[in-house]
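Trainee: I am new to this structure and would like a close look at a single part, the surroundings of the ligand. Please then place that part in the rest of the chain.

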Amino acid sequence: MRIFNFSAGPAVLPEPVLQQAAAEMLDWRGSGMSVMEMSHRGKEFISIADKAESSLRTLLAIPPEYKVLFLQGGAIGENAIVPMNLLQGRTTADFVNTGEWSKKSIKEARKYCTVHIAASSEDKDFTYVPDQSAWKLSPDPAYVHVCTNETIAGLEYQWTPDTGNIPLVADMSSNILSRPVDVAKYGVIYGGAQKNMGPAGLTLVIVRADLLDRALPITPSAFHWKEQSAADSMFNTPPTYAVYIAGLVFEWLLAQGGLAVIEQKNIEKSTLLYDYLDHSSFYRSSVRREDRSRMNVTFRLADEAQDEAFLKGAVQRGMVQLKGHRAVGGIRASIYNAMPLEGVRRLVEYMREFEARHG
Ligand code: PMP
């Protein structure tokens with residue numbers, strides 16, 4: 001029996017993907033091997049990685065001048081890897097600080113460069129995304145970094161920044177593939193796989209080819225985008241099984257009609273929850289309406305002392321991982337692509353029932 005898993009990540013995966021992986025576990029398509037057992041340089045795995053990349057390119061309509069890298073290190077690793085790869089000839093990088101994940105990126109980048117905070121929503125407890133008209137960029141930054149979805153606060157850009165000739169770098173760990181993205185507006189897009197793409201261990205980097213010449217000499221080869229690009233992400237052993245599962249997830253998304261269709265489903269799911277929150281005085285969401293995340297819906301009960309009872313009742317009804325991040329508390333429902341509408345309906349039903357009993 002599958003439960004409804006609202007974890008922020010590692011998170012729910014599409015059931016058909018898990019079933020296919022199970023069916024192919026011992027013998028991948030007549031190879032006599034599990035994907036886990038394959039050489040990353042063998043023809044079988046190379047075909048898996050090529051297919052994953054081409055499916056991803058189709059899904060996101062990635063322009064040909066962008067490289068796709070399947071790496072290790074996670075998004076926290078990229079917090080260091082990004083500056084190392086982009087700082088040649090410049091000493092400053094600009095950041096928009098919208099929450100806990102931005103703060104982690106900033107802290108790490110400070111080891112490598114001068115960080116300029118172009119805008120921040122810390123003044124209001126990270127409940128909004130600063131409008132671009134309020135950003136103050138430094139004179140010549142190596143890049144501008146944003147986190148397009150703050151997983152902890154439940155805050156999401158519903159618009160694409162325009163930084164002109166300055167490369168825009170985005171941590172899209174928790175909203176990638178949830179909606180169409182105009183890749184050409186970005187210099188670099190990166191993210192960990194374990195929310196909307198597949199298992200933990202795989203880090204996706206999409207980088208415009210002309211930015212590959214900006215790495216500092218100290219950049220480790222395994223994290224050097226140009227070296228990895230020249231080696232088709234096989235300078236070191238890539239996380240092969242995670243690449244395989246991500247490839248199946250990409251095919252699952254394509255089979256449903258691609259990201260425009262997925263976006264509609266995500267709007268439907270998140271609207272169901274937010275509408276209920278807005279009509280209740282028992283629950284409250286503190287994020288500014290136009291910046292609410294479709295992926296991570298955060299809210300609080302009127303009385304925090306009831307959180308535990310709320311969470312316990314949810315588990316009894318087959319809904320797990322609804323506890324807010326330890327940094328902020330409250331409740332968080334992560335409703336990534338693979339969360340069925342039925343799971344969100346069940347949650348809203350339970351919220352109504354809990355409110356009637358305790359409100
Ligand atoms: N950025 C964002 C937006 C995240 O949600 C997370 C993980 N929750 C990370 C970075 C860190 O990812 P990892 O643990 O894979 O390094």
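Mentor: By class, the shell around the ligand holds four nonpolar, six polar and two charged residues. The model is a predicted one, and the description below should be read with that in mind. The members of the shell are Gly74, Ala75, Ile76, Trp101, Cys147, Asn149, Thr151, Asp171, Ser173, Ser174, Gln194 and Lys195. Helix H3, which covers residues 74-86, gives the largest share of the shell, three residues.

Some of these residues can be described by their distances to ligand atoms. At Ala75, a polar backbone atom is 3.1 Å from an oxygen atom of the ligand. At Ile76, a polar backbone atom is 2.8 Å from a ligand oxygen. At Asp171 the side chain takes part: one of its N or O atoms is 2.6 Å from a nitrogen atom of the ligand. The ligand has 400 Å² of accessible area on its own, and the protein covers 84% of that.

Asp171 also leads away from the ligand, to His145. His145 belongs to strand S5, residues 144-147. Leaving out residues up to four places away in sequence, His145 touches Asp94, Phe95, Val96, Ser105, Val169, Asp171 and Tyr190. The relative accessible area of His145 is 2%. Buried means under 20%, so His145 counts as buried.

Two of the residues that His145 touches, Phe95 and Val96, are also touched by Ala119. Ala119 sits in strand S4, residues 114-120, and is buried, at 8% relative accessibility. Beyond four places in sequence, the residues touching Ala119 are Phe95, Val96, Asn97, Pro130, Ala134 and Trp135. For one of them, Ala134, the C-alpha atom is 6.8 Å from that of Ala119, with the two positions 15 residues apart in sequence numbering.

A further path from the ligand shell runs through Asn149, a member of that shell. Asn149 is in contact with Asn175. Asn175 is placed in the loop between strand S8 (168-171) and strand S9 (188-192). With neighbours within four places in sequence set aside, the contacts of Asn175 are Thr148, Asn149, Glu156, Asn196 and Met295. With Glu156 there is a polar contact between the side chains, at 3.0 Å. Asn175 counts as buried, with 5% relative accessibility.

The loop between S8 and S9 also holds Leu177. Leu177 has a positive phi of about 70°, although it is not a glycine. Its relative accessible area is 0%, and it is buried.

Gln321 also has a positive phi, of about 65°, without being a glycine. Gln321 lies in the loop between strand S13 (319-320) and strand S14 (331-334). At 51% relative accessibility, Gln321 is exposed. Exposed means over 50%, so the value of 51% puts Gln321 in that class.

Other loops can be taken in order along the chain. In the loop between strand S1 (4-5) and helix H1 (15-23) is Pro10. The peptide bond from Gly9 to Pro10 is cis, with omega near -10°. Ala61 is in the loop between helix H2 (43-60) and strand S2 (66-71) and is exposed, at 56% relative accessibility. The C-alpha atom of Ala61 is separated by 24 Å from that of Thr240, which is 179 residues away along the chain.

Asp303 is in the loop between strand S12 (296-301) and helix H8 (307-316). Asp303 is partly exposed, with a relative accessible area of 37%. The side chain of Asp303 reaches the backbone nitrogen of Ala305 at 2.9 Å. From Asp303 to Lys226 the C-alpha distance is 52 Å, and the two are 77 residues apart in sequence.

Finally, the chain as a whole. It has nine helices and 14 strands. The radius of gyration is 21 Å, close to the 21 Å that the globule rule gives for 359 residues, so the chain is as compact as a globular protein of that length. Along the principal axes, the C-alpha atoms fill a box of roughly 60 × 60 × 30 Å. Of the 359 residues, 56% count as buried. Among contacts in the chain with a separation of 6 or more, 67% are between residues 24 or more positions apart. The chain exposes about 15400 Å², and carbon and sulfur atoms supply 52% of that area.

Methods
Residues are numbered from 1 along each chain as its sequence is written. This is a predicted model: local features need pLDDT of at least 70, side-chain atom pairs count only at pLDDT 80 or more; totals for chains, interfaces and linings use all residues. Side-chain values use heavy atoms; hydrogens and water are left out. A residue is near a molecule or strand if one of its heavy atoms lies within 4 Å of it. A polar contact is a pair of N or O atoms within 3.5 Å; within protein, one must be able to donate a hydrogen and the other to accept it, and residues adjacent in sequence count only if both atoms are side-chain atoms. Accessible areas come from the Shrake-Rupley method with a 1.4 Å probe; for residues, only the protein chains shown count as cover. Helices (H or I, at least four residues) and strands (E, at least two) are DSSP runs, numbered from the N terminus. Ala, Val, Leu, Ile, Met, Phe, Trp, Tyr, Cys and Pro count as nonpolar, Asp, Glu, Lys and Arg as charged, and the others, Gly among them, as polar. The radius of gyration is taken over C-alpha atoms; the globule rule is 2.2 Å times the number of residues to the power 0.38. Buried means under 20% relative accessible area, exposed over 50%, partly exposed in between (1.4 Å probe, protein chains only). Contact means heavy atoms within 4.5 Å.
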